[in-house]
Amino acid sequence: MKPTENGITMTPAILVTGGAGYVGSHTVTTLLERQSGQEFEIVVVDNLSNAYRSEGQKKPESLRIIEEITNKTIHFYELDIRDADALSKVFETHNVECVIHFAALKAVGESVEKPLEYYQANIGGTCTLMETMRKYGVFKLIYSSSCTVYGEPERLPLDEGHPTGRGLTSPYGKSKYFCEEIMKDLSISDKKWKIISLRYFNPVGAHRSGRIGEDPAGIPNNLMPFIAQVAVGRLSELKVFGNDYPTPDGTGVRDYIHVEDLAEGHVKAMKLFQQPGFSGFHAINLGTGTGYSVLEMVAAFKAASGKDIPYRIIGRRAGDIATNYSDVALSHKLLGWRAVKTLEDMCADTWRWQSKNPNGFKTS
Ligand SMILES: NC(=O)c1ccc[n+]([C@@H]2O[C@H](COP(=O)([O-])OP(=O)(O)OC[C@H]3O[C@@H](n4cnc5c(N)ncnc54)[C@H](O)[C@@H]3O)[C@@H](O)[C@H]2O)c1
């Protein structure tokens, strides 16, 4: 049963799993910024395994700051999405209309060392979430997938018809692929499901206020936060994994996308749910369609920050590919969405966040 108050249906809610994390927090911000009145509530569930909460606070820092930026309230529950009972209580408390599912473990290297933990969290968690959705009659799901599902590109740009699941090298990448396969099977078995799997390319940048951003625990796995931490003096130099790839300057080329553009893509994807006859499983790329090399990123960040970025070329990293960038035609067509932020915006916003918050969300 959906919760009601005195027979009146409560405000519809968007349930955001992992909403305290990097992409989730920016998406929550954009959803609230786009809302003029009280059209829907935002309900975040997160186990805080990769989000920081200050001592004595109920909500993680990212959500506390979003409430300040937007002057709106976020409902927050600290829970693990594998805990079906805790998750059920959220569905019983709020009138959940749709779910945006970010919660996952995401460190590629760590996933090779801890495959069971990754499969359990990412696949087990997703199954528990979808079982709970079905139990409460909620069938609209937006899933955070990744361009990782394409493996080694057979052609570029990577369009959604490119094969997936071939030659995947990490349990993380496989978990994203397996989840998509499960979602496809589920939507074949029951036509009520409306599932949009957004295949992100490389999210970077931060909210333009510089108040929220990516705050990786330990040494960053991704290029942009690594560069930013070198620029701010937290790390001494950038390690560049290989300069002998078949790319113009020999370093790896990726399609970087500003996290605010990515967030807007989710808002646009939600509008698809309202289209008459829309159902089934749909995979859609979210990228810019343009690739930049590691050394181009270093140069752009240096220009945006005015800081020197010392770097050292070391050997290739296992599992890395030379080049990837997206075909953006389907996202234009289906979502009416395209990335508008430039490489300069990505670097300037990352630098604003990093320089204002050298220790991330921790104040000291
Ligand atoms: N950032 C990227 O480069 C990237 C690229 C492609 C896809 N993705 C996907 O996007 C999603 C969000 O990524 P992100 O960069 O924001 O990661 P993140 O780690 O910043 O955010 C994930 C959030 O989920 C929470 N979480 C993890 N496991 C949970 C569980 N079992 N129950 C409840 N909460 C849990 C964490 O505490 C964290 O706040 C992930 O699914 C990730 O695989 C990210």
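Ala, Val, Leu, Ile, Met, Phe, Trp, Tyr, Cys and Pro count here as nonpolar, Asp, Glu, Lys and Arg as charged, and the others, Gly among them, as polar. By these classes, the lining of the second largest pocket holds nine nonpolar, two polar and five charged residues. The structure is a predicted model.

The space in this second largest pocket comes to about 380 Å³. Its lining is made up of 16 residues. Closest to the pocket centre are Ile14, Phe40, Met270, Lys271 and Gln274. Four elements each give two or more residues to the lining: β3 (12-17), α1 (22-34), β6 (95-101) and α8 (259-272). Empty space of this kind is found by rolling a probe the size of a water molecule over the atoms.

Aromatic contacts were searched for across the whole structure, and eight pairs were found. Such a pair is described by the distance of the ring centres and the angle of the planes. Phe91 and Tyr136 form a stacked pair, because their planes meet at 20°, under the 30 degrees that stacking requires. The ring centres of Phe91 and Tyr136 are 5.5 Å apart. This pair links distant parts of the chain, with the two positions 45 residues apart. Phe91 belongs to helix α3 (residues 84-93). Tyr136 lies in the loop between α5 (115-135) and β7 (140-146). Both Phe91 and Tyr136 are buried.

The pair of Phe273 and Phe278 has another geometry, edge-to-face. Here the centres are 6.3 Å apart and the planes stand at 65°. Phe273 and Phe278 are both buried. Elsewhere, Tyr119, Tyr177 and Phe178 are joined by ring pairs into a cluster. A charge also meets a ring in this model: the charged end of Arg316 sits over the ring of Tyr245. The distance from that charged end to the ring centre is 4.0 Å.

Gly210 was examined in turn. Its place is in the loop between β9 (202-204) and α7 (223-231). Gly210 has a relative accessible area of 0%, so the residue counts as buried, the limit being under 20%. In sequence, Gly210 and Thr350 are 140 residues apart. In space, their C-alpha atoms are 7.5 Å apart. Setting aside neighbours within four places in sequence, Gly210 is in contact with Arg352, Trp353, Lys356 and Asn357.

Notes
Residues numbered from 1 in each chain as written. Predicted model: local features only at pLDDT ≥ 70, side-chain atom pairs only at ≥ 80, totals over all residues. Heavy atoms only, no water. 1 Å grid on protein atoms, 1.4 Å probe; cavity = no way out; pocket = protein on both sides within 12 Å on 5 of 7 lines; lining within 4 Å. Points joined across faces, edges and corners; volume = space filled by probe spheres on them. Phe/Tyr/Trp six-rings, centres within 6.5 Å; stacked < 30°, edge-to-face > 60°. Buried < 20%, exposed > 50% of the residue type's maximum accessible area, 1.4 Å probe, protein only. Lys NZ or Arg CZ within 6 Å of the ring centre and 35° of its normal. Contact = heavy atoms within 4.5 Å.
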